[in-house]
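Please open the structure in a viewer and keep the sequence panel visible. The tour below proceeds by selections, each followed by a description of what is found there.

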Amino acid sequence: MCVNIPATSGMDAEDEIPVSTTEPSTLVGDSSTMVNAIGAINLQPVRPVAPLIVPTVILPPVVPAIAPRPAVPPPLAPLPVRPPVLRPPVAQNGEARASDSDSDLEEMGSDRGTADSAQEYEISAESKLARERQEKALQELLMKRRAAALAVPTNDMAVRARLRRLGEPITLFGEREMERRDRLRMLMARLDAEGQLEKLMKAHEDEEAAASAAPTEEEDIQYPFYTEGSKVLLDARIEIAKYSLVKSALRLHRARRKRDDPDEDVDAEVDWALKQAGSLALDCSEIGDDRPLFGCSLSHDGKMLATCSLSGIAKIWSMPQVQKVSTLKGHTERATDVVFSPTSNQLATASADKTAKLWNSEGSLLRTFEGHLDRLARIAFHPSGKYLGTASFDKTWRLWDVESGEELLLQEGHSRSVYGLSFHHDGSLVASCGLDALVRVWDLRTGRSILALEGHVKPVLGVSFSPNGYHLASGGEDNTCRIWDLRQRRSSYTIPAHSNLISQVKFEPQEGYFLATASYDMTAKVWSSRDFKPVKTLSGHEAKIMSLDVAGDGQFITTVSYDRTIKLWSSKNIEREEKMDID
C-alpha cells in the first residue's frame, strides 16, 4: 500500500516520494510480484538530494481525539512526614521513620536517637509569667473559698479581741467594722493555708476561756465610751458653759434689737465699715527684728502690738507710733506665734522648743506651759482670758489653765499636725485646723467633736470665728478662703483669694463686717462679709506675709512679713487728710 505525502510549500509536485507500507516479509517472499511492481514503476534518474529534514506538521483536517480527564485523579505518592520541632517521634516496635532517603536515615539514626532522648520542651518567659498568673489567681480563689468557709465573729469587740490574740493591730486608720471583719477573715484563711492551725485554735480557746471565766463580770461592768477627765477639767467645763450662756444670750439680744429696732440701720453700718476698710493705706513701716517675723497680735485696747521672730525673741511695741517698749527673751528655739489676752495686757508666746510662755507687758516671764511632744504652731486665748489653747505638730491641741499653768485637756482628732486654733466669741466652741486639710469644731462644754468640715484639698493654716456667731473662715495652701456656715454645716462661700497659700485669716473683731487675709503672695486683702467681695488690697511687703491682726475698732490692720518689717495700715490718716482739705 502506498501513501503519498503531500508536498510542502518548499517542494514541487514531482518531488513527491512514494512510501511503501508493505510488510518486509511479504516483499521477500513474493519475488515475482516484486519484479512486476518494479517494472510498473516509472524509473527516473535520481538527483542528489540533501538530507531531508521533515518538520513536524500538524494536519488540520485530522485531529486526534483527546482522552477524557478522569473524574478522580490518580493517587499521589504520600508526602514525607516532617518530624515535630520540639520532640521528633521515636520509632517503636522496629517501625522505620519516614525520611527523604534511606541513606540519611541510616547515617543519622544513631545521632538523632541520642538527641531525642536529651531534648526537652523549652518554655518561654511569657509562658512562665502566664503560668505564674494562673497559679496566683487559683491560689487567691482557693484562699477566698477557704475564707468564706471560716466562722468569723460578727461582734466588733470579738473581732478586735481575736485580732489582738493573733498579734495583729486591732484597727487601722479609717477602717470600718466590716473592713476589720474582712481583714480578720483573710488573716485566718492565710493561717489555715500556711498550716498554722495551732495558733488559730489557741486564740479561739483563749476567747472561750475568757468568756467562760467571768460571764457575769462583763455583764456588770459597763465601760464608758469616753476618757474620764480630771476634776479640774470638769470644773473648767462648767465655768465655760456658764460664761458661754451669758455671752450667747447677749449676742442674740443684740441681733434681735438690730433686726426689730427701726432706728438700727445695719446696711448703713456695714457700708460705713467697708468704706473705712476701703480707705486703708500704709501709715507706718518699721523693721521688727534681725530675723524674719512670724507672728503679731494687737492688745484688746489697741495700744500695744506684740511681734515674734525666728530668733526666738518677742517684742512689744506702742501703737500707733510703733515704738519698741520691751523685749521678751526666754525661748531656746524660733518663736512661732504670739497673742495678747482679751482681758488684760498679758501675752503668750509659742515656740519650736515645744513650750508656750506667759508674759506681762513689762517683759517678765510669768509661767511656762510644758507638755507637747513636738514644736508648737499657733496659740489662742479663750474669750474669758482664763484658758490658753495651743496647737502642735504632735497631732494634738491642748487647753491650759492660765492661772495655775496646769494642762486641762489633751485633745486628739487630727491625723496630721494641728496648725491653727480659734475660739468662738461666746467661748463655747473652738475650731482647729491642720495639715490633714480638715477643720474640726469642738464643744468645750462636752468635749465632743461636733463638726468635721471637709473641703480644702491642701493643709489648712488659718481659722477664725466671726462675731456674728455662725460664720467660720479658713484658709490654707490651696490658695482659697472658705466661709463655713455653722447653721447649715457646709461651706457657703469659696473665695479664690490669693495666688499663693494663705497664712492667716482674721475677722474684724467687733461686728465682723469684713474679713482680712494674709498670703505668701506678699499681699493682704480685705473682703466684705456681706457678699465676700474684695474691698481692698494691701501691697507693700517685699516678701511673704506671715501674719496679720485687726484692731478692735477696725481702724487699722498690722502685718508682719518675712522681710522683717512691721507695716501699719490705717484709715485715720485718710480722714486727717480729708479734714485738712476741708480746712
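A crossing of two helices is called left-handed if the near helix is turned anticlockwise from the far one by less than a right angle, and right-handed if it is turned clockwise. The model on display is a predicted one.

**First stop: two helices**

Select residues 156-165, which form helix H5, together with residues 177-193, which form helix H6. Two packed helices are described by the angle between their axes and the distance between the axes. Here the axes of H5 and H6 come within 10 Å and cross at roughly 40°. H5 and H6 are therefore oblique to each other. Turn the view until one helix lies in front of the other: the crossing of H5 and H6 is left-handed.

Next, display the side chains where the helices meet. From H5, select Asp 156, Val 159, Arg 160, Arg 162 and Leu 163. Their partners in H6 are Glu 177, Arg 180, Arg 181, Arg 183, Leu 184, Leu 187 and Met 188. Of the residues in this contact of H5 with H6, 5 are nonpolar and 7 are charged, while none is polar.

**Second stop: a pair of rings**

The structure contains 4 aromatic pairs. For one of them, select Phe 369 and Trp 400. The ring centres are 5.7 Å apart and the planes stand at 55°, so the pair is tilted. Phe 369 belongs to strand S11 (residues 365-370) and Trp 400 to strand S14 (residues 397-401); with their positions 31 residues apart, the pair links distant parts of the chain. Are these two residues buried or exposed? Phe 369 has a relative accessibility of 2% and counts as buried; Trp 400, at 1%, also counts as buried.

**Third stop: Leu 453**

Select Leu 453, in strand S19 (residues 449-454). Its relative accessibility is 4%, so Leu 453 counts as buried. Beyond its neighbours within four places in sequence, Leu 453 is in contact with Leu 438, Val 439, Val 441, Leu 472 and Trp 484. Leu 438 is 15 residues away in sequence, and the C-alpha atoms of Leu 453 and Leu 438 are 6.1 Å apart.

**Last stop: Leu 435**

Finally, select Leu 435, in the loop between strand S17 (429-434) and strand S18 (438-443). Leu 435 counts as buried because its relative accessibility, 17%, is under 20%. Leaving out residues up to four places away in sequence, Leu 435 touches Phe 393, Arg 416, Ser 417, Pro 459 and Leu 461. Leu 435 and Leu 461 are 26 residues apart along the chain, and 7.5 Å separates their C-alpha atoms.

Note on methods:
Residues are numbered from 1 along each chain as its sequence is written. This is a predicted model: local features need pLDDT of at least 70, side-chain atom pairs count only at pLDDT 80 or more; totals for chains, interfaces and linings use all residues. Side-chain values use heavy atoms; hydrogens and water are left out. Axes are lines fitted to C-alpha atoms, for helices over the stretch in contact, and angles run from 0 to 180 degrees between N-to-C directions. Helices (H or I, at least four residues) and strands (E, at least two) are DSSP runs, numbered from the N terminus. Angles under 35 degrees count as roughly parallel, over 145 as roughly antiparallel, 65 to 115 as roughly perpendicular and the rest as oblique. Contact means heavy atoms within 4.5 Å. Ala, Val, Leu, Ile, Met, Phe, Trp, Tyr, Cys and Pro count as nonpolar, Asp, Glu, Lys and Arg as charged, and the others, Gly among them, as polar. Rings of Phe, Tyr and Trp (its six-membered ring) pair if their centres lie within 6.5 Å; planes under 30 degrees apart count as stacked, over 60 as edge-to-face and the rest as tilted. Buried means under 20% relative accessible area, exposed over 50%, partly exposed in between (1.4 Å probe, protein chains only).
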